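I am opening my notebook to record what I looked up about charged and aromatic side chains, one entry at a time.

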Amino acid sequence: IRCIFTTDEDLMEAPMEIIGGGALYFINDANRLFINDCEFTSLTARAGGAIYVEGDLNYALINSSYFMYNKATTNQSNYGGGAIDVEGNAEYLFVTESTFGYNTASTAGGAIMLKSNNDLLAFFKSTFDANYAPYAGAIFLGNTEELLIYESNFTNSKGTGSDIIGGGALYVLGNLTSAYVAHSLFENNSARAGGAIFVEGI
């Protein structure tokens, strides 16, 4: 609650076994994660520029927080997430009234990468602006049961890869069982395919 994480340095000189988390690293499961009124700016790691969860993320609420100018630098395809990378399953993730801007990843998920099985992901009154990655400019999702996007803006994000398709704002790899998107804006996002949203394997 009310925290600020920022630095001008990176973790590139960290031991090779430490893969991510410029601010927070969860080596096992994160059963309960509450982030309220926090700022994560100019953080760098190989994966999860700001937050990295090696195991499952069972329940998380991110509210009224800012993730700006964070970077994930690894070129390993199974890592990414300029701001947040979760290696395991994400059961319930709620992002409310938060901003993700100018985050970048060298592989996927300029802002967020949730690569495994996800139960419920909800984004309310949040903004994703000018996030970049070769694919999934803003958010990369694995198999997802339920996706809710309400009163949120996805703008100016890019899937920058020249030989990889998909998802200027949002890329879903695997099954997307249910999706509800309402009163939201997708504007000026771009990628080779799915300038706003790309779903592979629905």
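Before anything else I wrote down the terms for burial: a residue counts as buried under 20% relative accessible area, as exposed over 50%, and as partly exposed in between. I also noted that this is a predicted model.

**Entry on salt bridges**

I began with Glu151, which counts as partly exposed because its relative accessibility is 32%. Its side chain meets that of Lys125 in a salt bridge, at 3.9 Å from N to O. Glu151 lies in the loop between strand 19 and strand 20 (153-155) and Lys125 in the loop between strand 15 and strand 16 (127-129), so the pair ties together parts that are 26 residues apart in sequence. Lys125 is partly exposed as well, at 46% relative accessibility.

How many salt bridges does the structure hold? I found three, and I then turned to Lys115. The side chains of Asp85 and Lys115 meet in a salt bridge of 2.8 Å, N to O, and this pair links distant parts of the chain, with Asp85 in strand 10 (residues 84-86) and Lys115 in the loop between strand 14 (112-114) and strand 15 (118-124), 30 residues apart. Lys115 also forms a salt bridge with Glu87, where the closest N and O atoms are 2.5 Å apart. I therefore recorded Asp85, Glu87 and Lys115 as linked in a network of salt bridges.

Are the two acidic partners, Asp85 and Glu87, buried or exposed? Asp85 counts as buried at 0% relative accessibility, and Glu87 is buried with a relative accessible area of 16%.

**Entry on the negative patch**

On the surface I noted a patch of negative charge, in which Asp29, Glu91, Asp119, Glu145 and Glu146 gather. Glu146 is found in strand 19 (residues 144-150) and counts as partly exposed at 34% relative accessibility.

**Entry on aromatic rings**

Searching the whole structure, I listed 15 aromatic pairs. In one of them, the rings of Tyr69 and Tyr102 have their centres 5.1 Å apart and their planes at 10 degrees, so this pair is stacked. Tyr69 is partly exposed, with a relative accessible area of 46%, and Tyr102 is partly exposed at 39%. I then looked up Tyr135 and Phe140, which form an edge-to-face pair with 5.8 Å from centre to centre and 75 degrees between the planes. Tyr135 counts as buried at 15% relative accessibility, and Phe140 counts as buried at 4%.

My last note is that Phe40, Phe67, Phe100, Phe123, Phe128, Phe154 and Phe186 form one aromatic cluster.

Conventions: Residues are numbered from 1 along each chain as its sequence is written. This is a predicted model: local features need pLDDT of at least 70, side-chain atom pairs count only at pLDDT 80 or more; totals for chains, interfaces and linings use all residues. Side-chain values use heavy atoms; hydrogens and water are left out. Patches are made of residues with over 30% relative accessible area and no salt bridge: like charges are joined within 9 Å, nonpolar side chains (Val, Leu, Ile, Met, Phe, Trp, Tyr) within 5 Å. Accessible areas come from the Shrake-Rupley method with a 1.4 Å probe; for residues, only the protein chains shown count as cover. A salt bridge is a side-chain nitrogen of Lys or Arg within 4 Å of a carboxyl oxygen of Asp or Glu. Lys and Arg count as positive and Asp and Glu as negative; His and the chain ends are not counted. The place of a charge is taken as NZ of Lys, CZ of Arg, CG of Asp or CD of Glu. Helices (H or I, at least four residues) and strands (E, at least two) are DSSP runs, numbered from the N terminus. Buried means under 20% relative accessible area, exposed over 50%, partly exposed in between (1.4 Å probe, protein chains only). Rings of Phe, Tyr and Trp (its six-membered ring) pair if their centres lie within 6.5 Å; planes under 30 degrees apart count as stacked, over 60 as edge-to-face and the rest as tilted.
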